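Me: Please take a close look at one helix of this model and at the side-chain pairs linked with it. I should also like it set against the rest of the chain.

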Amino acid sequence: MSESGSHNDVSENLPGEHGTHGGDVAVTSDPFANPGLPPHEHRRQDIDERSAKHSERVVAGLFTLSMLGTIAFIASFVIFDVDKIVYIFPFGHVSALNFALGLTLAVALLGIGVGAVHWARTLMSDEEIVDERHRADADDELRENIRQQWITGAKESGWGRRTLIRRSLYGALTLVPLSGVVILRDLGPLPKDSLFHTAWAKGKVLINSNTNKPLRPEDVAVGSLTFGVPDGLSETDEDFQEKIAKAAVMVVRLKPEDIKDKREAAWGHEGIVVFSKICTHVGCPISLYEQQTHHVLCPCHQSTFDLSDGARVIFGPAGHPLPQLRIGVNPDGNLIALGDFSAPVGPAFWERS
């Protein structure tokens with residue numbers, strides 16, 4: 001057997017002039033011939049102005065619906081309370097505010113999107129255009145061609161003639177960005193001046209945090225540290241945790257001659273002084289007291305304050321002294337506040353103002 005005959009001749013399996021069943025194979029001279037485009041079919045709006053006007057009104061209605069959705073989005077912030085829960089089938093119990101915001105914003109965006117699509121499909125030109133391949137760089141002729149196409153497209157879109165669509169689109173696009181501005185409210189409620197005030201006010205009785213009883217001067221011994229809160233707070237209050245966190249105080253009794261700061265002595269009572277328990281660094285609660293030096297230490301980052309010298313910072317990252325609470329005694333012999341703290345409580349946000 002010859003060497004060539006030891007292998008299968010695969011060329012025998014290739015298609016030739018005749019098919020495998022003896023029929024002729026149709027071979028075109030140009031397998032990549034342009035099949036051309038089917039005849040253009042006009043839409044109803046292209047030949048009937050009444051249909052075109054109807055589509056124009058539909059598009060304008062969708063843009064108007066978008067405007068109403070944006071207005072409803074903004075109104076939802078005013079109408080619905082952030083904590084209101086409602087039952088909506090089939091979603092179950094959901095936040096009324098979140099549901100209203102999602103629904104109205106969806107309507108606002110959907111109105112613009114569907115309106116633009118309907119406009120393009122029914123009123124803008126839909127004639128097929130063949131664009132031959134061209135070089136990557138654009139010559140002057142191509143630039144002029146593009147400019148003319150832009151002008152032609154603008155005319156065919158009806159932008160100049162369809163004033164109702166143009167004006168309603170302007171309105172929808174103008175109002176939708178307001179949703180992004182109003183949604184900034186989700187960063188939190190407007191603080192107004194609440195950051196500068198606590199639950200302390202003139203006449204509020206100091207309550208011992210451990211016994212829940214009013215503090216009297218004779219209850220506070222020299223060198224002792226007692227924690228207090230204002231009377232009138234209830235654990236059932238919705239914002240109890242926030243109020244107690246800002247109003248917690250340290251009650252310390254020093255020997256009057258050991259107090260170095262004149263205002264501190266004037267704001268105290270017989271050597272009893274009251275300072276905020278909240279560190280001015282990052283808001284940690286202070287609880288470590290050294291009675292010999294009258295220093296208090298924050299356990300988080302070791303900021304140290306001198307309670308005998310206006311609670312000024314003597315060590316650590318805190319930038320401000322602890323706010324002091326001015327106190328006195330009421331006719332019942334209980335320690336009371338004579339106002340709010342001398343400065344905002346906690347980290348020094350107010351430096352920025």
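Reply: Helices and strands here are DSSP runs numbered from the N terminus, with H or I over at least four residues for a helix and E over at least two for a strand. The model is predicted, and local features need pLDDT of at least 70, side-chain atom pairs pLDDT 80 or more, while totals for chains, interfaces and linings use all residues. Residues are numbered from 1 along each chain as its sequence is written, and side-chain values use heavy atoms, with hydrogens and water left out.

The helix chosen is α2, which spans residues 49-79 and contains L65. With a relative accessible area of 40%, L65 is partly exposed; buried means under 20%, exposed over 50%, and partly exposed in between (1.4 Å probe, protein chains only). L65 joins L68 and I71 in a nonpolar surface patch of about 280 Å². Such patches are built from residues with over 30% relative accessible area and no salt bridge, nonpolar side chains (Val, Leu, Ile, Met, Phe, Trp, Tyr) being joined within 5 Å and like charges within 9 Å. The areas follow the Shrake-Rupley method with a 1.4 Å probe, and for residues only the protein chains shown count as cover.

The structure holds twelve salt bridges, each a side-chain nitrogen of Lys or Arg within 4 Å of a carboxyl oxygen of Asp or Glu. In one of them, the side chains of R312 and D309 meet at 2.5 Å, N to O. R312 counts as partly exposed because its relative accessible area is 39%. Salt bridges with shared partners connect E49, K53, E56 and R162 into one network.

Within that network, E56 pairs with K53, their closest N and O atoms being 3.7 Å apart. Both residues belong to helix α2 and are three residues apart, about one turn of the helix. The two partners fall into separate burial classes: E56 is buried because its relative accessible area is 5%, whereas K53, at 39%, is partly exposed.

A further salt bridge, with closest N and O atoms 3.4 Å apart, joins R253 to E270. This pair links distant parts of the chain, 17 residues apart: R253 is in strand β5 (residues 249-253), and E270 is in the loop between α7 (262-267) and β6 (272-276). R253 is buried, since its relative accessible area is 15%. E270 also has a positive phi of about 55 degrees although it is not a glycine.

Another backbone feature is at Q302, which has a positive phi of about 65 degrees and is not a glycine either. Q302 is in the loop between β8 (295-297) and β9 (304-306). A cis peptide bond, with omega about 0 degrees, joins F89 and P90, and P90 is placed in the loop between β1 (85-88) and β2 (92-95).

For the wider setting, the protein has seven helices and twelve strands. It comprises 353 residues, of which 34% count as buried. Its exposed area is about 23,200 Å², with 57% supplied by carbon and sulfur atoms. Among contacts (heavy atoms within 4.5 Å) between residues at least 6 apart in sequence, 61% join residues at least 24 apart.
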